[in-house]
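Thanks for opening this one up with me. Below is the model, followed by a few notes to help you find your way around.

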Amino acid sequence: MGYRVAVAGASGYAGGELLRLLAAHPDLDVTAATAHDNAGQPLGAVHPQLRTLAHLVLADTVPQAVAGADLVFLALPHGASGTFAPQLPPGVKIVDLGADHRLTDAGAYERYYGGAHPGAWTYGLPELPEQRTKIADSAQVANTGCYAVAIALAVAPLIAAGVVERDDLVAVAASGTSGAGRAVKANLLASEVMGDLSPYKVGSHQHVPEILQCTGATTLSFTPVLAPMPRGILASVAARPARSVTLDEVREVLVAAYGAEPFVHVLLPGEQPHTAAVAGSNCAHLQVATDLSSGRVVVLSAIDNLGKGAAGQAVQNANLMLGLPETAGLAVDGIAP
């Protein structure tokens, strides 16, 4: 028997992906999973792909349902974790996949999310400097937002090294529809999404203050785009060079930052990130270029929004919190086609 873990909010896409990873994890045993509307149903009826956990009955999302777990994953709607977490027993470790505890700035939280700030937890992106140790020493960790993962991994080392300016960041990122959740919405119907690309929340996306916080940037112009695919994020991040720099020098900064990282890969020259290449994995693929017209540094980043952008990242954080190998239960290789 390994550590006992529970998933609160297991009926959504992130919850389902989390359970898929946990089912194959060598050191974690799923003891409970909860839902709201689907409470009382067997897990197999909600996530038919999860055959090894199909017998598990979804409980109501109440603190008693996850009692006895060594670690609880919160895959709840926005605003729910802030009220649910304080009701859990003292000492239980928590990884929150939601946004409630990511921001340290209460004012930014209120502007982008509304409502009172529930308080900041340790930020759950292990690849940031010194963050791995902080996560390992924490009992409460706020998982990184999906767009924030893709963009932060692309530029945080460049900003820290003084290679690019921190006050003029521009990002465009396309995401699969699973990033919008599993609730039925007219704009997410197949007939609406297929054959179409559509921007949304331009200039006001809730991940903007999180990206600024974790990269050290001071301004960000961000355009998120809904893409006709179920999962994946491809981000293009452009920044003004802080000094005269060659493409090889930019690449060297990224390679130095991620050369020992198991899940972040700077691709060889000539290769480009693809969302299909990271599907089902906990990896980020990066490539760098310089724009001949503007002189800007451009970093391309691909992740699986349900993997490195959500469930995979959560398991990575849980491994660190429990003293397990960081890579346990997580795939480096993607699936294709």
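The numbered points that follow cover the model, its sheet, one helix, one histidine, and some side-chain pairs.

1. First, how to read the values. This is a predicted model, in which local features need pLDDT of at least 70 and side-chain atom pairs count only at pLDDT 80 or more, while totals for chains, interfaces and linings use all residues. Residues are numbered from 1 along each chain as its sequence is written, and side-chain values use heavy atoms, with hydrogens and water left out.

2. A good place to begin is the sheet. Following the order β3-β2-β1-β4-β5-β7-β6, 7 strands make an open sheet with parallel pairing. At its edges are β3 (59-60) and β6, each of which pairs on one side only. Strands here are DSSP runs of E with at least two residues, helices are runs of H or I with at least four, and both are numbered from the N terminus; two strands pair if DSSP finds at least two bridges between them. For one pairing in detail, look at β5 (residues 93-96) and β7 (residues 140-143), which run parallel and are joined by 3 bridges. Val95 has Val141 as its bridge partner in β7.

3. Next, find helix α8, residues 208-215, where 6 of the 8 residues are buried. Buried means under 20% relative accessible area, exposed means over 50%, and partly exposed lies in between (1.4 Å probe, protein chains only). The buried set consists of Val208, Pro209, Glu210, Ile211, Cys214 and Thr215. These residues pack against α4 (106-112), β6 (122-124), α6 (146-160) and β10 (220-226). Just after the helix, Gly216 has a positive phi of about 85°.

4. His205 deserves a stop on the way. It sits in the loop between β9 (198-199) and α8. Its relative accessibility is 3%, so His205 counts as buried. Leaving aside residues up to four places away in sequence, His205 touches Tyr112, Tyr147, Tyr200, Phe222 and Pro224, where contact means heavy atoms within 4.5 Å. The His205 side chain also comes to 3.0 Å from the backbone nitrogen of His207.

5. Two of those contacts of His205, Tyr147 and Phe222, lead on to the aromatic pairs. How many does a search of the whole structure find? The search gives 2 aromatic pairs. Rings of Phe, Tyr and Trp (its six-membered ring) pair if their centres lie within 6.5 Å, with planes under 30 degrees apart called stacked, over 60 edge-to-face, and the rest tilted. Tyr109 and Tyr113 are a stacked pair because their ring centres are 5.2 Å apart and their planes stand at 25°. Tyr147 and Phe222, with centres 5.1 Å apart and planes at 75°, are therefore edge-to-face. Tyr147 belongs to helix α6 and Phe222 to strand β10, so this pair ties together parts 75 residues apart in sequence. Both Tyr147 and Phe222 are buried.

6. Now for the charged pairs. A salt bridge is a side-chain nitrogen of Lys or Arg within 4 Å of a carboxyl oxygen of Asp or Glu, and by this rule the count is 11. In one of the salt bridges, Arg4 meets Asp70 at 3.3 Å, N to O. That pair links distant parts of the chain, with Arg4 in strand β1 (residues 3-8) and Asp70 in the loop between β3 and β4 (71-74), 66 residues apart. Arg4 is partly exposed at 38% relative accessible area, and Asp70 is partly exposed at 26%.

7. Are the partners in the salt bridge between Lys308 and Glu127 buried or exposed? Their closest N and O atoms are 2.8 Å apart. Lys308 lies in helix α11 (residues 307-321) and Glu127 in the loop between β6 and α5 (131-136), so the pair ties together parts 181 residues apart in sequence. Lys308 is buried at 0% relative accessible area, and Glu127 is buried at 7%.

8. Finally, the cysteines. With a disulfide taken as two cysteine sulfur atoms within 2.5 Å, a search of the whole structure finds 0. For Cys146, the nearest cysteine sulfur is that of Cys214, 12 Å away. Cys283 has its closest cysteine sulfur in Cys146, at 17 Å, which is too far for a bond.

Terms used:
Polar contact = N/O pair within 3.5 Å; in protein donor to acceptor, adjacent residues only side chain to side chain.
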